[in-house]
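Thank you all for coming; I would like to take a few minutes to walk through one structure. Please have a look at it first, and then I will talk.

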Amino acid sequence: MEHIVKTQNGYDLFSPKGSVCVSLTEEGGRLFYALQENGRAKFGKSPLGITIGKTEDAGVDYSANNRLGAVTKEETANREFTIYGRQEKRVENSVCYTITVENAACIYGLQVKVFEDGAAF
């Protein structure tokens with residue numbers, strides 16, 4: 001299965017088995033994401049961004065003037081870890097993507113980790 005699919009305005013990023021898809025899009029310089037599980041929408045199109053140090057007259061708005069660049073992929077399959085306090089072992093199956101984002105203020109990497117039951121930024 002192809003984990004990265006280029007779309008008209010961005011990328012579809014899939015979990016290892018393909019059951020979860022994060023759609024990342026850029027529209028008018030703003031980033032958006034949506035999440036589907038087994039083809040059914042779990043989160044509709046939502047804004048993705050961050051403002052650092054925002055006050056009435058200062059701060060950097062990283063949610064505007066963005067352009068999506070290249071995507072790199074690092075698969076994490078069957079990584080075992082322990083939940084401390086309960087001493088339970090868990091297995092993580094995910095794909096970690098880093099998307100280069102060019103912003104008016106800087107160039108940064110946006111990491112998206114897609115699991116079989118969700119996603120994280």
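I will begin with the basis of the model, then turn to the nonpolar core and the salt bridges.

This is a predicted model, in which local features need pLDDT of at least 70 and side-chain atom pairs count only at pLDDT 80 or more, while totals for chains, interfaces and linings use all residues. Residues are numbered from 1 along each chain as its sequence is written, and side-chain values use heavy atoms, with hydrogens and water left out.

The largest nonpolar core, meaning buried Ala, Val, Leu, Ile, Met, Phe, Trp, Tyr and Cys residues joined through side-chain atoms within 4.5 Å, has 20 residues, and among those touching the most other members are Leu 13, Tyr 97 and Val 112. Strands (DSSP runs of E, at least two residues, numbered from the N terminus) that give two or more residues to this core include S2 (10–14), S8 (66–83) and S9 (88–103).

Now the charged pairs: the whole structure holds five salt bridges, each a side-chain nitrogen of Lys or Arg within 4 Å of a carboxyl oxygen of Asp or Glu. One of them joins Glu 27 and Lys 45, at 2.8 Å from N to O, and because Glu 27 lies in strand S3 and Lys 45 in strand S5, the pair ties together parts 18 residues apart in sequence. Glu 27 is partly exposed at 31% relative accessible area, whereas Lys 45 is exposed at 52%; buried means under 20%, exposed over 50%, and partly exposed in between, with a 1.4 Å probe and protein chains only.

Definitions and conventions. Helices (H or I, at least four residues) and strands (E, at least two) are DSSP runs, numbered from the N terminus.
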